[in-house]
Amino acid sequence: MRLLVLMVIAACGPPSRATALPELVPEERPPTWLDRTVSLRTMLGRAGIALDTGGTRRFLESKECETGPARRCVRCTLLDERDGLPDTAMEELVAAFARYPITLLDAAKIERVALCRQLDTDKEVEPAGLADTEARILFVNVHSLLRPDVAGHSIDYIAETAHHEVFHLLDF
């Protein structure tokens with residue numbers, strides 16, 4: 001029996017030296033539209049607020065478009081990845097909503113935040129944002145950020161708009 005064990009050991013040869021495995025380090029890559037959208041959804045989700053962006057659904061309308069006076073109808077063409085929103089704009093929104101305690105967002109009773117690449121209303125000038133107090137929707141318009149050829153608002157204006165509309169819903 002010993003002879004058999006010795007023969008097996010001899011046939012296998014000396015123990016091999018283990019080579020170190022390469023360390024698995026994730027590649028550094030800039031955040032994508034999806035990463036930024038997930039961050040904003042997560043931030044809003046802590047207060048049970050949904051985020052509306054483009055994709056399968058292209059438009060979001062206020063309830064007045066169906067039942068109320070046409071002058072109060074708000075139609076949001078939803079923003080999507082192809083629109084080319086500057087990267088820092090989404091980060092500004094995440095930071096803006098992160099400033100609020102969940103209890104304040106709950107008190108505002110916001111149900112949805114809609115990111116609009118265009119916001120159609122009866123107003124002469126396209127607004128930077130609107131609060132639909134009946135449907136509890138906060139519309140944020142990024143139209144001016146998508147058109148570098150047109151003088152518009154700076155990226156930090158998107159956060160100011162969000163704050164302004166949050167307080168409209170809170171006041172209501």
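Why does Ser 62 count as buried? Ser 62 counts as buried because its relative accessibility is 2%, where buried means under 20% relative accessible area with a 1.4 Å probe and protein chains only. The model is predicted, so that local features need pLDDT of at least 70 and side-chain atom pairs count only at pLDDT 80 or more, whereas totals for chains, interfaces and linings use all residues. Residues are numbered from 1 along each chain as its sequence is written, and side-chain values use heavy atoms, with hydrogens and water left out.

Ser 62 is placed in the loop between strand 2 (59-61) and strand 3 (75-78), strands being DSSP runs of E of at least two residues and helices runs of H or I of at least four, numbered from the N terminus. With residues up to four places away in sequence not counted, Ser 62 touches Arg 72, Cys 73, Val 74 and Asp 132, contact meaning heavy atoms within 4.5 Å.

The largest nonpolar core, a set of buried Ala, Val, Leu, Ile, Met, Phe, Trp, Tyr and Cys residues joined through side-chain atoms within 4.5 Å, holds 29 residues, and Leu 40, Leu 85, Phe 97, Ile 110, Val 113, Leu 115 and Leu 138 touch the most other members. Among the elements that give two or more residues to this core are helix 2 (33-45), helix 3 (87-98), strand 4 (112-120) and helix 6 (156-171), and the largest share, five residues, comes from helix 3. A second, separate core of 11 residues includes Val 74, Cys 76, Ala 114 and Ile 137.

Conventions. Buried means under 20% relative accessible area, exposed over 50%, partly exposed in between (1.4 Å probe, protein chains only).
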